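Please open the model in your viewer, with the chains coloured separately and the secondary structure shown as a cartoon. The tour below proceeds by selections, and at each stop it says what to pick and what is found there.

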Amino acid sequence: MTQRIGFCCKWIDGPSQINGIKQTDTAKEFNTGTTTVTWLKRQRTDVAEQKLWDLMTHNLNSVYKLIERVGGLNEHLRMVRISSDILPVYTEPNFGYFYDQPGVRDYAERKFAEIGRMARLLDVRLSFHPGQFCVLASDRPDVVQRSIEEFEYHAYMAAAMGYGKTFQDFKINVHIAGRAGAEGIRAALPKLSPEARNCITIENEEVSYGIDDCLDLGRDVAIVLDVHHHWVRTGEYILATDDKVKRVESSWRGVRPVIHYSCSREDILGYHDPVVMPDMFALLENGHKKQKLRAHSNFMGNKATNMYVSEFWPTFDIQVEAKGKNLASFALYEEIKNY
DNA sequence: GAGGGTCAAGTCCGT
DNA sequence: ACGGACTTGACCCTC
């Protein structure tokens, strides 16, 4: 099975674009755009609808181009998380109607079908990661209901691309996040569509719910291990040989599992030797707040943690979460491909 | 074009 | 009580 390293949501052409892509940059063509509800509400209806149409058509074309481009990479780099912003304000009460219009929906579904065909043709592994507002395990029923709608928005896009047909043919990853915990996730699952249930994965968090909480759900859903979250939470570099990791692997039922890999920001790691893995307790003693350790680096600059995470690669695809996006995942690949 | 204020939504932490 | 952080800072307005 192909071993993959992927990146998140955006394509950039150079390090300067880490701090934003300019309107005139060609990278715009490979990335989604969005708007705000506030701005839409200030416009006349026809202006707001034109804006949504322009964004939708741009976004569908940009995702197509992105996947085409990723599909041209080395087979080990054919994995990408796609943006949630393809259909802006889809789940917002005042503007969601826009996408119910037949002319709009037909266009979107035709483009999604093309995107999915291209991804399968070029063997690009895809995923989504709904935002922090998608809290399926909230203790508030109204929040659970809106979170299901938000999750189903992602499942709808995946299904329109031709996914959600078999277990984990597409990954839509969320955190437990809510006060109802793992039981809250378990209670929400039967309310999801079959496509959504095929795609959902649950990821361990830095603060509230760790790998043990996720493993409670290992029979229900596939578990995503984020090794950096685990480190922030516990200070431990969990090993690929750990029994918990084996249980994460088996939750994928034979599908090649995915781990998430990120690093603390360079201005924190800079205090450490790049050939020695950062020591969380030493960092905390030196006054670095745990909250700051969570923020992501531009690149994967620590050779020791790169070597550590490469131990997972024979078994797990590696989703790199870095502000350097594709540049960071390419560099990691070059570093670990010969380990 | 650059810079600053703003942005739908949940939850938790630090101050 | 409020700001910041999170899956991805981008966008809009003013100058």
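Two strands are said to pair if DSSP finds at least two bridges between them. Please keep in mind throughout that this is a predicted model.

**Stop 1: the barrel**

Begin by selecting the strands E1 to E8, which make up a closed barrel of 8 strands in the order E1-E2-E3-E4-E5-E6-E7-E8, with parallel pairing. From one strand to the next, the twist averages 30°.

Now select strand E1, residues 5-8, together with strand E2, residues 79-81, and you will find that these two run parallel and are joined by 2 bridges. Within this pair, Phe7 has Val80 in E2 as its bridge partner. Turn next to E8, which pairs with E1 in the parallel sense, again over 2 bridges; here Gly6 has Gln319 of E8 as its bridge partner.

While E8 is in view, add E7, since 4 bridges join E7 to E8 and the two strands run parallel. Gln319 in E8 appears once more at this point, standing opposite His260.

Which way do the side chains of strand E8 (residues 317-320) point? Asp317 and Gln319 point one way, whereas Ile318 and Val320 point the other way, and all are buried. In a regular strand the side chains alternate between the two faces of the sheet.

**Stop 2: a helix across the strands**

Select helix H8, residues 227-234, and display with it strand E4 (171-175), strand E5 (200-203), strand E6 (222-226) and strand E7 (258-261), because the helix lies across these four strands, and its direction is at about 65° to E6.

**Stop 3: DNA strand C**

Select DNA strand C and the 25 residues around it, of which Lys10, Gln132, His175, Ala295 and Lys325 come nearest. Of the atoms of this DNA strand that lie within 4 Å of the protein, 73% belong to sugar or phosphate, and the rest belong to bases.

Three contacts with phosphate oxygens of DNA strand C can be inspected one after another. At Lys10, a polar side-chain atom lies 2.3 Å from a phosphate oxygen of the strand. At His296, an N or O atom in the side chain is 3.1 Å from a phosphate oxygen. At Arg294, by contrast, the polar atom concerned belongs to the backbone, and the separation from a phosphate oxygen is 3.5 Å.

Helix H1 (37-42) and helix H12 (290-294) are the elements that give two or more residues to the surface near DNA strand C, and H12 gives the most, with 3 residues. If you colour this surface by residue class, you should count 3 nonpolar, 11 polar and 11 charged residues.

**Stop 4: DNA strand B**

Move the selection to DNA strand B, around which there are 21 residues, with Val37, Thr38, Phe133, Ser138 and Arg179 coming nearest. Sugar and phosphate account for 59% of the atoms of DNA strand B that come within 4 Å of the protein.

Which part of Val37, backbone or side chain, lies 2.4 Å from a phosphate oxygen of DNA strand B? The atom in question is a backbone N or O atom of Val37. For Ser138, an N or O atom in the side chain is 2.7 Å from a phosphate oxygen of the strand, and for Arg146 a side-chain N or O atom is found at 3.4 Å from a phosphate oxygen.

H1 and helix H4 (141-160) each supply at least two residues of the surface near DNA strand B, with the largest share, 3 residues, coming from H4. By class, the residues of this surface divide into 7 nonpolar, 7 polar and 7 charged.

**Stop 5: two buried residues in helices**

Stay with helix H4 and select Ala155, which lies in it. Ala155 counts as buried because its relative accessibility is 3%, and, not counting residues up to four places away in sequence, it touches Ile172, Ser193 and Ala196.

Finish with Ser310, whose place is in helix H13, residues 303-310. Is Ser310 buried or exposed? At 11% relative accessibility Ser310 counts as buried, because the cut-off for buried is under 20%. The side chain of Ser310 reaches the backbone oxygen of Met307 at 2.6 Å, and, leaving aside neighbours within four places in sequence, Ser310 is in contact with Ile336 and Tyr339.

Note on methods: Residues are numbered from 1 along each chain as its sequence is written. Chains are lettered from A and ligands numbered from 1 in the order in which they are written. This is a predicted model: local features need pLDDT of at least 70, side-chain atom pairs count only at pLDDT 80 or more; totals for chains, interfaces and linings use all residues. Side-chain values use heavy atoms; hydrogens and water are left out. A residue is near a molecule or strand if one of its heavy atoms lies within 4 Å of it. A polar contact is a pair of N or O atoms within 3.5 Å; within protein, one must be able to donate a hydrogen and the other to accept it, and residues adjacent in sequence count only if both atoms are side-chain atoms. Ala, Val, Leu, Ile, Met, Phe, Trp, Tyr, Cys and Pro count as nonpolar, Asp, Glu, Lys and Arg as charged, and the others, Gly among them, as polar. Axes are lines fitted to C-alpha atoms, for helices over the stretch in contact, and angles run from 0 to 180 degrees between N-to-C directions. Contact means heavy atoms within 4.5 Å. Buried means under 20% relative accessible area, exposed over 50%, partly exposed in between (1.4 Å probe, protein chains only).
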